[in-house]
Amino acid sequence: MPLDAAPQPPAILVENLCVRFERRGQPEISAVNGVSFSLDRGKVLTILGESGSGKSVSLKALMGLLPPFARVSGRIEIAGRDILKLPASKLAQVRGGEISMIFQEPMSALDPVYTIGQQIAETIVQHEGTDQSTAMARARQLLERVAIPSAARRLKNYPHEMSGGMRQRAMIALALACNPSVLLADEPTTALDVTVQIQILMLLRELQQDLGMAIVFVTHDVGVAAEISDRMAVMYAGRFVETGTVREVMHEARHPYTAGLLSSTVHGGLRNQGELRTIPGSPPSLAALPPGCHFMPRCREAVSRCASEPPVVVPNPGAMVRCVHAEAQHPAGGAPA
Amino acid sequence: MQTAHQSAPDKRDRGGAAQPLLIVENLRKHFPVRGGLLNRQIATVQAVDDVSFSVRKGETLGIVGESGCGKSTTARLLMNLIKPDAGTTIFDGDGVGEAGGITVTALRRQMQMVFQDSYSSLNPRLTMVESIAYAPRMHGLPAREATRRAESLLAQVGLNPAQFGRRYPHELSGGQRQRVNIARALALEPRLVIFDEAVSALDKSVEAQVLNLLNELKARLNLTYLFISHDLNVVEYISDRVLVMYLGRVVETGPATEIYSRPRHPYTRALLASKPTLDPDRRTTVLPLTGDPPNPINPPSGCRFRTRCAYAQPRCAEIVPPLAAPLDTLAGAEPEHLVACIVPEAQAAAEIVHAA
């Protein structure tokens with residue numbers, strides 16, 4: 001495996017990202033509570049989590065897409081610039097240029113009244129100031145790059161004239177229009193059929209290697225994570241509870257939540273194997289998080305110490321576990337974050 | 001309420017154990033597509049085309065397929081939520097809606113359905129107990145008894161009636177709401193329950209809880225399930241037999257273990273090969289299938305899968321392949337495995353089907 005230590009700065013660096021939603025008359029929601037990671041070009045980090053874990057909110061915070069009542073704090077560095085400190089005009093350049101995003105629902109990401117070609121060309125003209133015909137030619141190349149058949153004809157299609165898989169490809173082409181160094185992917189295959197999902201995953205894998213992008217990929221699906229990730233971060237109640245390489249996390253899960261999530265996922269060959277192993281209960285309300293380890297109320301291995309802030313244990317470089325039990329095995333753990 | 005079904009025979013059981021609980025023959029539903037100047041019919045969506053199958057007493061039949069394959073339409077046709085264009089449904093020997101058969105109202109007492117969206121299938125202005133008690137009251141049970149039955153059902157699906165009975169749908173999580181929907185489906189003591197993507201919207205840890213609950217209820221209440229899902233792993237886990245659908249037709253059917261270990265239809269094999277492996281060391285490297293499923297408005301002639309099939313031959317466009325025993329079946333082999341494919345090489349091809 002290639003080393004993570006690259007001479008250039010990481011494509012994206014996130015430090016202590018927090019997102020709170022404060023609206024009058026409603027309880028304060030702590031959606032993201034101190035997320036940190038860095039990712040080099042050419043790598044895929046998957047954020048795996050269930051609904052309400054804060055994975056999509058984190059992604060939207062990176063893209064600056066949260067509504068005004070969201071309080072975002074921390075540090076988000078893209079190509080060495082802290083984008084939380086950028087003025088709106090500069091942010092618009094970074095967004096869609098250096099960093100871009102693909103979504104679960106291409107119909108809501110694409111404009112229904114413009115053709116695919118117009119939308120891609122508009123992005124290129126906006127960011128690079130090229131003329132329309134150059135931009136249109138680039139748009140055609142992009143559609144070819146994402147393996148849309150008869151690209152020249154498809155440029156003139158409106159989103160509703162395409163099938164789900166084709167729309168997803170068109171949205172990827174749009175996101176790639178300005179050669180971003182970071183691509184954010186928010187469950188881009190969740191709404192697709194399984195035979196189309198694998199096509200899109202293989203396409204993203206290929207594009208990411210060819211173009212050397214960093215991809216932050218959010219999913220709830222362990223199988224999808226296994227197909228696409230280099231690194232994985234498991235998120236629960238607004239925090240990363242475990243990070244590591246995809247093999248570390250999938251083969252030797254250290255956090256009880258990761259282990260529970262992996263074992264409760266229905267996979268092949270479970271017929272006649274009796275009851276499925278489950279995680280009891282359901283995730284906590286983000287408006288009233290339990291003190292200490294947020295997973296404690298559902299954890300079969302909980303001990304009294306879990307009621308206080310869990311330690312951040314670093315079992316080996318690049319990996320992290322937030323659990324008292326990991327501390328016993330790796331006593332050289334870091335300080336609580 | 002739940003009488004000891006397993007020991008005492010169900011009084012409603014008419015044909016005995018050997019008679020299938022549900023027989024569906026040549027079910028068809030084509031939806032008109034209207035448009036143009038006078039809003040005339042310009043095309044038809046062949047949502048369900050000539051589908052036949054049976055569900056045995058006490059088994060779980062899984063229906064699996066991609067979007068547009070007609071699996072949900074089939075469920076709605078069975079419940080008479082939409083009217084079929086053609087086909088017959090026989091419930092425990094009685095023709096549904098036929099003279100001398102069983103009426104749709106009577107059928108719905110014995111056949112209930114759980115939908116994917118747990119929130120939209122509950123009335124937001126009724127408490128959980130009111131929602132569950134509603135159908136029994138409509139079918140003539142006194143209010144007090146209906147409430148008692150609702151509370152007992154809540155307990156059976158793992159929700160404390162004292163804690164959850166007076167709550168409204170928005171006060172519950174998705175998993176809890178789906179438990180209520182299951183309780184509500186059981187309120188009329190049905191014999192057959194249809195689950196249409198009933199666990200698909202749930203988180204994985206909750207999905208596993210609900211699947212365990214379904215298995216437990218099935219054994220306890222002597223139920224029969226029709227389980228519809230796009231999730232191949234869930235269908236494998238819960239089903240005794242499986243029906244694979246593609247563009248409105250059945251392409252393969254058989255015991256779950258057969259279908260998952262020896263799939264004969266090239267579509268079934270591609271579907272299984274498309275599953276993510278769950279193992280980063282064995283990632284998918286060969287694309288099992290290219291393109292999207294074709295539009296069901298103008299499905300391909302003959303075998304509907306032929307446009308994506310690597311083994312397609314000219315005659316696949318001419319013949320609608322019948323659902324029949326695999327061509328290489330030996331005498332005495334599994335007689336229930338049926339496949340709708342006429343190309344021997346396509347049935348026999350040993351593509352890699354990973355076990356993940």
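**Exercise 1. Determine how many residues each chain contributes to the contact of chain A and chain B, and characterise the area buried between them.**

Solution. In this predicted model, chain A contributes 46 residues to the contact and chain B contributes 45 residues. Next, consider the area: about 3,700 Å² is buried between chain A and chain B, and carbon and sulfur atoms give 54% of this area. Finally, consider individual residues of chain A. Thr195(A), Val266(A) and Arg271(A) together supply 18% of the area that chain A buries against chain B, more than any other three residues.

**Exercise 2. State how many salt bridges the rule finds across the interface of chain A and chain B, and examine the pairing of Asp240(B) with Arg271(A).**

Solution. The rule finds 2 salt bridges across this interface. The criterion requires a side-chain nitrogen of Lys or Arg within 4 Å of a carboxyl oxygen of Asp or Glu. For Asp240(B) and Arg271(A), the closest N and O atoms are 3.8 Å apart, and the pair forms a salt bridge.

**Exercise 3. Describe the packing of helix H6 of chain B against helix H7 of chain B.**

Solution. Helix H6(B) spans residues 174–186 and helix H7(B) spans residues 204–221; their axes come within 10 Å and cross at roughly 20°. H6(B) is therefore roughly parallel to H7(B), since angles under 35 degrees count as such. The crossing is right-handed. On the H6(B) side, the contact is made by Gly175(B), Arg179(B), Ile182(B) and Leu186(B). The H7(B) side includes Val206(B), Gln209(B), Val210(B) and Leu213(B). By class, the contact comprises 8 nonpolar, 2 polar and 1 charged residues.

Terms used:
Residues numbered from 1 in each chain as written. Chains lettered and ligands numbered in written order. Predicted model: local features only at pLDDT ≥ 70, side-chain atom pairs only at ≥ 80, totals over all residues. Heavy atoms only, no water. Axes fitted to C-alpha atoms, helices over the stretch in contact; angles between N-to-C directions. Helix = DSSP H or I, 4+ residues; strand = E, 2+ residues; numbered from the N terminus. Parallel < 35°, antiparallel > 145°, perpendicular 65-115°, else oblique. Left-handed = near helix turned anticlockwise from the far one by under 90°. Contact = heavy atoms within 4.5 Å. Nonpolar A, V, L, I, M, F, W, Y, C, P; charged D, E, K, R; others polar. Buried area = accessible area lost by both parts, 1.4 Å probe.
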